[in-house]
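Hi everyone, thanks for having me. I'll put the structure up, and then we'll walk through a few spots together.

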Amino acid sequence: IPVATADQGNDTIAVNDARGFARGDYVLLRMQSTRANQRVLQGKIPRSIWTDVRDRGVALAEYHRIRSVVGNRITFDRPLLSPVDASWPWTLKKVAMIEQVGFEDLCVETSFNDRFEHHKDARHDSGFNAVSLVNTADSWVTNSCFRNVTAPVVIRGGMANSILLNRIEGNPGHFGMQVEYGTRNLIGLTV
């Protein structure tokens with residue numbers, strides 16, 4: 001748990017106990033609290049339909065790789081994207097990541113030929129997913145074609161992944177390229 005405030009852009013946090021963390025570890029730094037709403041939302045009041053933000057508070061989560069551990073100070077290989085206020089209920093936990101997974105120059109075609117209906121059933125929502133990058137780092141999907149799929153590429157967790165120069169063809173499905181959550185992921189140049 002961070003014990004000192006660190007501004008956005010800093011790369012080091014102080015924690016109450018750094019034992020168990022080491023250089024090269026991947027970690028998830030996260031918190032959710034109404035105490036963060038004022039600062040993170042910059043004084044704006046959440047709309048009534050934002051019940052989770054109103055009731056439980058904004059949620060912040062960042063994946064990082066540890067560059068060094070000195071005493072109870074942990075330095076990441078990239079700067080913080082969010083302010084870390086020590087009065088907010090932060091957690092820091094190690095996560096397993098697969099590194100440098102790549103898909104290039106491939107074409108995935110499925111037999112999804114129905115007219116898509118949103119939330120009709122599991123088959124329509126996610127029955128014909130092509131590629132899922134789950135807890136990956138420095139990974140990519142590039143120069144590939146996805147035909148008749150409900151979801152071409154999905155990133156769930158992870159950091160520094162890219163989905164670039166791909167094509168979606170044929171029968172449209174539930175969504176295009178998607179990052180459900182993660183840090184420093186990039187999607188671009190998809191047609």
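**Two cysteines, a sheet and a proline**

Let's begin with C145, which is buried, at a relative accessible area of just 1%. Keep in mind as we go that this is a predicted model.

So which cysteine sulfur is closest to the one in C145? That's the sulfur of C107, 3.4 Å away, which is too far for a bond. A disulfide needs the two sulfur atoms within 2.5 Å. And if you search the whole structure, you find zero disulfides. As for C107, its relative accessibility is 44%, so we call it partly exposed.

Okay, on to the sheet. It's an open one with four strands, paired in parallel, and the order is β6-β9-β12-β15. Why do β6 and β15 each have one side without a neighbour in the sheet? Because they stand at the edges, β6 at 98-99 and β15 at 178-183, and each has a single partner strand. Take β15: its parallel pairing with β12, residues 151-159, runs over four bridges. One residue pair to look for there is I155 with its bridge partner V179 in β15.

Last stop, P46. Where is P46? You'll find it in the loop between α1 (37-40) and α2 (51-56). Is P46 buried or exposed? It's buried, because its relative accessible area is 15%, and the cut-off for buried is under 20%. Skipping its neighbours within four places in sequence, P46 is in contact with N37, L41, V53 and R54. You can also find G57, 11 residues from P46 in sequence, with 9.6 Å between their C-alpha atoms.

That's me done, thanks!

Methods: Residues are numbered from 1 along each chain as its sequence is written. This is a predicted model: local features need pLDDT of at least 70, side-chain atom pairs count only at pLDDT 80 or more; totals for chains, interfaces and linings use all residues. Side-chain values use heavy atoms; hydrogens and water are left out. Helices (H or I, at least four residues) and strands (E, at least two) are DSSP runs, numbered from the N terminus. Buried means under 20% relative accessible area, exposed over 50%, partly exposed in between (1.4 Å probe, protein chains only). Contact means heavy atoms within 4.5 Å. Two strands pair if DSSP finds at least two bridges between them.
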